[in-house]
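Let's take a friendly walk through one protein model, ring by ring and charge by charge. Keep the picture open while you read.

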Amino acid sequence: MKTSFGEENRYHIIDFLGEGSFGTVYIALDHKFDRKVALKIAKTKLRKELIHRFTREAITALKLRHRNIVTTYDADVFHDQAYIAMELLAAPSLDDQLLNRRFSIEESLEVAAQVASALLYIHEQ
């Protein structure tokens, strides 16, 4: 695994954070802005027809600003491999919280309202 990624090796990978269906997420240092980010790198190189779709979706994500949506800082394709640099959050994920405790009805409704608010915002964009 390369420890640097992006144009001019902008991102230096520090540690593994997680893995999803799209790609692997790392904690990385963004040298351009001297900050830690969550860097999601696609598992496979993109075929040319998918690069356009990824780019279009990335442009949309870069415009989103909502308190319940992680901020996207950068998205690009580097050597046919897509990546997204996002805000790195210190809080545990919702998945982790759901695995480790039971939510009350009130807490469940609050989480559902926050998710609905974010989805409505995305839909409006």
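R101 lies over the face of F103, at 4.2 Å from the ring centre; a charge sits over a ring if NZ of Lys or CZ of Arg is within 6 Å of the ring centre and within 35 degrees of the ring normal. Bear in mind that this is a predicted model, where local features need pLDDT of at least 70, side-chain atom pairs count only at pLDDT 80 or more, and totals for chains, interfaces and linings use all residues. Residues are numbered from 1 along each chain as its sequence is written, and side-chain values use heavy atoms, with hydrogens and water left out.

**Charges over rings, and a partner for R101**

- R35 also has a ring to look at: R35 lies over the face of Y73, 3.7 Å from the ring centre.
- R101 forms a salt bridge with E107, with the closest N and O atoms 3.3 Å apart (a salt bridge is a side-chain nitrogen of Lys or Arg within 4 Å of a carboxyl oxygen of Asp or Glu).
- R101 is partly exposed, because its relative accessible area is 38% (buried means under 20% relative accessible area, exposed over 50%, partly exposed in between, with a 1.4 Å probe and protein chains only).
- E107 counts as partly exposed too, at 30% relative accessibility.

**The salt bridges**

- How many salt bridges does a search of the whole structure find? It finds four.
- Salt bridges that share partners join R10, D30, R35 and D74 into one network.
- In that network, R10 and D30 form a salt bridge whose closest N and O atoms are 2.8 Å apart.
- The R10 and D30 pair links distant parts of the chain, 20 residues apart: R10 is in the loop between β1 (4-5) and β2, and D30 is in strand β3. Helices (H or I, at least four residues) and strands (E, at least two) are DSSP runs, numbered from the N terminus.
- D30 forms a salt bridge with R35 as well, the closest N and O atoms being 3.7 Å apart.
- Is D30 buried or exposed? D30 has 0% relative accessibility, so it counts as buried.
- R10 is buried at 15%, while R35 is partly exposed at 26%.

**The aromatic pairs**

- A pair of aromatic rings is described by the distance of the centres and the angle of the planes.
- There are two aromatic pairs in the structure. Rings of Phe, Tyr and Trp (its six-membered ring) pair if their centres lie within 6.5 Å; planes under 30 degrees apart count as stacked, over 60 as edge-to-face and the rest as tilted.
- Y11 and Y83 make an edge-to-face pair, with 5.7 Å centre to centre and 65° between the planes.
- These two tyrosines sit 72 residues apart and link distant parts of the chain, with Y11 in strand β2 (residues 11-19) and Y83 in strand β6 (residues 81-87).
- Y11 counts as buried, because its relative accessibility is 0%, and Y83 is buried as well, at 3%.
- F16 and Y26 are another edge-to-face pair, 6.3 Å centre to centre with 80° between the planes.
- F16 belongs to strand β2 and Y26 to strand β3 (residues 23-30), 10 residues apart.
- F16 is partly exposed at 47%, whereas Y26 is buried at 12%.

**Strand β6 and its neighbours**

- Why is β6 largely enclosed by the rest of the structure? Six of the seven residues of β6 are buried, so the strand is largely enclosed.
- β5 (residues 72-78) and β6 run antiparallel, joined by six bridges (two strands pair if DSSP finds at least two bridges between them). One bridge partner is M86 in β6 for T72.
- Strand β4 (residues 35-42) is joined to β6 by five bridges, also antiparallel, and the partner of V37 in β6 is E87.
- β5 and β6 form a hairpin with two residues between them, and H79 in the turn has a positive phi of about 55°.

**D74, back among familiar names**

- D74 lies in strand β5 and is buried, with a relative accessible area of 14%.
- The side chain of D74 makes a polar contact with the side chain of Y83, at 3.4 Å. A polar contact is a pair of N or O atoms within 3.5 Å; within protein, one must be able to donate a hydrogen and the other to accept it, and residues adjacent in sequence count only if both atoms are side-chain atoms.
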